[in-house]
Structures are given as structure tokens and as C-alpha cells.
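Q: Please take a close look at the interior of this chain. I would like to know how the side chains there are packed, and what the residues around them are doing.

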Amino acid sequence: MEAYPIKFIPILKEKIWGGEKLRQILNKNTNSKNIGESWEISGVQENISIVSNGLYAGDSLNTLIHKCKADFLGKQNIETFGENFPLLIKFLDAKTNLSVQVHPDDEMASIYHNSYGKTEMWYIMNSDKDAEIILGLKNDNTDTRVLSKIDASNVDAIFNIEEVKQGDSYFIPAGKIHAIGAGVLAAEIQQTSDITYRVYDWDRIDENGHKRELHADLAQRATKVFKSNAKSKYHLDHDKTSNLVDCNYFTTNIFQVNGSQIRDYKNLDSFVIYMCVEGMSEITVNNHKECLTFGETILIPANSNKVLFKSQGATLLEVYIDSKVSKSEKLAS
């Protein structure tokens, strides 16, 4: 496979809670006023990403995996996931609150949906003043049967609510109740799954005058209690990565580029994804250069060894699946 920084055409999703920040701030190509999600890289059925640049322009993500296999995904990922892309990469804009929701783990998703579960994370790219998220139950001893009785009078008493700001990052394992609140623009990294159990939808009505379906029974079965709010603690040092999430499904690091920096992936058996959450960076692989701007996403195939970054100031999320390298072994900086 000819390795280079691969871009994909964003798949834009209108949502009842969506707004205009994906167009106004991230420059997504749309005239819609209610775009809630930009699926940057997707292997979800009927939502397969298409390459937008370079040698493979016009090819689908599935075609690349089928043609290039381990060179594209990594040997261990092919053995684990076959020709299924294991992650779904998004940007989200919440003009109004998302539904309070929960996702099943792998076991429950397999039984009920013949699917993977949904563990995810958020990185807050922009937020309005006093913007909030819901993360978990306020009381660890809460009986999950209350999830069938949520309404405007008790929602604040049942769920843990936190204010957020730019740069905050949260890990949301399958089974954790959550919701992104109004005014939040976020990057989301998750397992390849589109299964959501709604618990409460703020009593809103769609364009046809109907309330969206709730899934209280399934949500009760899926919900787990977590002690931590799962906020990432990290410190950004010049040209060094800091870890945000390191779980069985993905690893996400954050780093700044000021000047030139080389990342060496010769010991990593995985593709690598970069999401630009601030600034702009030039990325070079095998003499192929691409510019990654704020709100864009690029994938580097697994057969790449070194990646060169040049920037006057950029902040990037670095995402991969670390199944072979020891968690204590750091990538060369």
C-alpha cells in the first residue's frame, strides 16, 4: 500500500439538537442550520467514508481495508476485527441538549443487536459560557429503575451535572449515563456502533409533533455505576504527547506542534488518526504532504513508520489501537 495522509469526505448528520457551529467554526460544507454530527471516518453500515484526496480518492474505507488489509489497519486489528473498521470518529455540535442516554457493552450489544458495544470519549473544542454535560448518576446508590420515571422535575436530582470548558476531556465507558449539553462543540472517538438507549429527551417534539422514542427497559439493563467522573488529567508540554484515554478499544493522546516534530510508529501495529482541535499543521508521510486544519481529520495507514509535522501552532488528538505495544512503552518523540 502507498502510505500517505488520507482524508475522507465528512458525512454530515442533521439532528433535532444540532446547530451551525460545524459550518461556522469547523467550516463543514453545508447550508443546514441543524447539523449535529460530522462523521469524519466511519465504517458504519450505510455510512461508509469515501477518500477525498490522493491516490485512493473515490475509494471507500471498506475498499481500502479489503485491498490493503494489514498494511492499512495493522495485523492485529485485521485478526481482531476482520475487514471491519473498529472506530467511529466524529465532531459534534449541540445547539440544545442531547438526550440523556446510555450505550450497551459488547456483551449486551452482541445479544440484542449483533453489534459491538459503544465505549467513547469526548474532547471539548469549544463551549458557550456555563455549558454543561451529564456524566453518570448523582448518587451511586440510585436504583436504576428510576430511569423509567425521569421528567423535568427530577432530572437535575438524578444525574451528575458538570460545567465544561475548552480543553476538557472525558472517558465514557459503555454503561455510563451521559449527555452533551447545549453549547458544546466536541470531538468524539468511539467504537464502531450506533446503538443508543435514550432515557430522557427533555420532552421535546420533532417536526411531526411526536416525542422521540425512549428505551428505559434496555437502559436499565445497560446502566452501570462508576465512581469516577472520568475527566482526563493531563498537561501539555511543548512537542510531547499527553495521554487522555487508554482503554481496550482505543488510545487517545494530545499534543502540540510548534515548529517541526517527528513521530515514529515503527513499533506500533495500527493505523493512526489525527484530529486537529486547534490551529493548523502540515503532515508529511513518505514525501506526501497534506495540510490538516482546525476541524479536519487525517488517517495514516499502519505501514507508515515516521510522520513529520510542521506548524506554527497546532493541537492534535492522536488516536490508535494499541494491542501489541506495552502500555508502558512510549512512542518516540
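A: The answer starts with the nonpolar cores, then takes up the rings, a buried acidic residue, the cysteines, a histidine and two backbone outliers.

The model is predicted, so to speak of local features a pLDDT of at least 70 is needed, side-chain atom pairs count only at pLDDT 80 or more, and totals for chains, interfaces and linings use all residues. Residues are numbered from 1 along each chain as its sequence is written, and side-chain values use heavy atoms, with hydrogens and water left out.

In soluble globular proteins, nonpolar side chains tend to be buried together. A nonpolar core here is a set of buried Ala, Val, Leu, Ile, Met, Phe, Trp, Tyr and Cys residues joined through side-chain atoms within 4.5 Å. Buried stands for under 20% relative accessible area, exposed for over 50%, and partly exposed for the range in between (1.4 Å probe, protein chains only). The largest nonpolar core has 39 residues, and the members that touch the most others are Phe72, Phe85, Tyr123, Ile273 and Leu317. Helix α2 gives the most to this core, with 4 residues. Helices (H or I, at least four residues) and strands (E, at least two) are DSSP runs, numbered from the N terminus. Contact is counted for heavy atoms within 4.5 Å. With neighbours within four places in sequence left aside, Ile273 is in contact with Ile41, Phe85, Ile89, Thr297, Ile298, Leu299, Leu317, Glu318 and Val319. There is also a second, separate core of 20 residues, with Leu147, Val155, Tyr197 and Val199 among them.

Next come the rings. Rings of Phe, Tyr and Trp (its six-membered ring) pair if their centres lie within 6.5 Å; planes under 30 degrees apart count as stacked, over 60 as edge-to-face and the rest as tilted. That rule gives 7 aromatic pairs. One of them is stacked: Tyr4 and Tyr56, at 5.7 Å centre to centre and with 15 degrees between the planes. Tyr4 belongs to the segment before β1 (11-19) and Tyr56 to the loop between β4 (47-48) and α2, so this pair ties together parts that are 52 residues apart in sequence. Both Tyr4 and Tyr56 are buried. An edge-to-face pair is formed by Phe81 and Tyr116, 5.9 Å centre to centre, with 75 degrees between the planes. Phe81 is in helix α4 (residues 75-81) and Tyr116 in the loop between α5 (106-113) and β7 (120-127), so the pair links distant parts of the chain, 35 residues apart. Phe81 is buried at a relative accessible area of 17%, whereas Tyr116 is partly exposed at 31%. Elsewhere, ring pairs join Phe255, Tyr274 and Phe309 into a cluster.

Two rings also have a charge over them, which is counted if NZ of Lys or CZ of Arg is within 6 Å of the ring centre and within 35 degrees of the ring normal. Arg263 lies over the face of Phe255, 5.7 Å from the ring centre. The charged end of Lys13 sits over the ring of Trp39, at 4.5 Å from its centre.

Trp39 has a further partner in Glu37, since a polar contact of 2.6 Å joins their side chains; such a contact is a pair of N or O atoms within 3.5 Å, where within protein one must be able to donate a hydrogen and the other to accept it, and residues adjacent in sequence count only if both atoms are side-chain atoms. Glu37 lies in strand β2 (residues 35-41) and is buried, with a relative accessible area of 6%. Apart from neighbours within four places in sequence, Glu37 is in contact with Ile11, Leu12, Lys13, Lys15, Trp17, Leu22, Lys90, Phe91 and Leu92.

The structure holds 0 disulfides, a disulfide being a pair of cysteine sulfur atoms within 2.5 Å. Cys276 is buried at 0%; the closest cysteine sulfur, in Cys291, is 8.4 Å from its own, too far for a bond. Cys68 is buried too, at 14% relative accessibility.

His215, in the loop between β13 (197-200) and α7 (216-222), is buried at 17%. Residues up to four places away aside, His215 touches Thr196, Tyr197 and Arg198.

Last, the backbone. Most residues other than glycine have a negative phi. Lys69 has a positive phi of about 45 degrees and Asn286 one of about 50 degrees. Lys69 is in the loop between α2 (61-68) and α3 (70-73), and is partly exposed at 36%. Asn286 is in the loop between β16 (272-285) and β17 (288-293), and is partly exposed at 46%.
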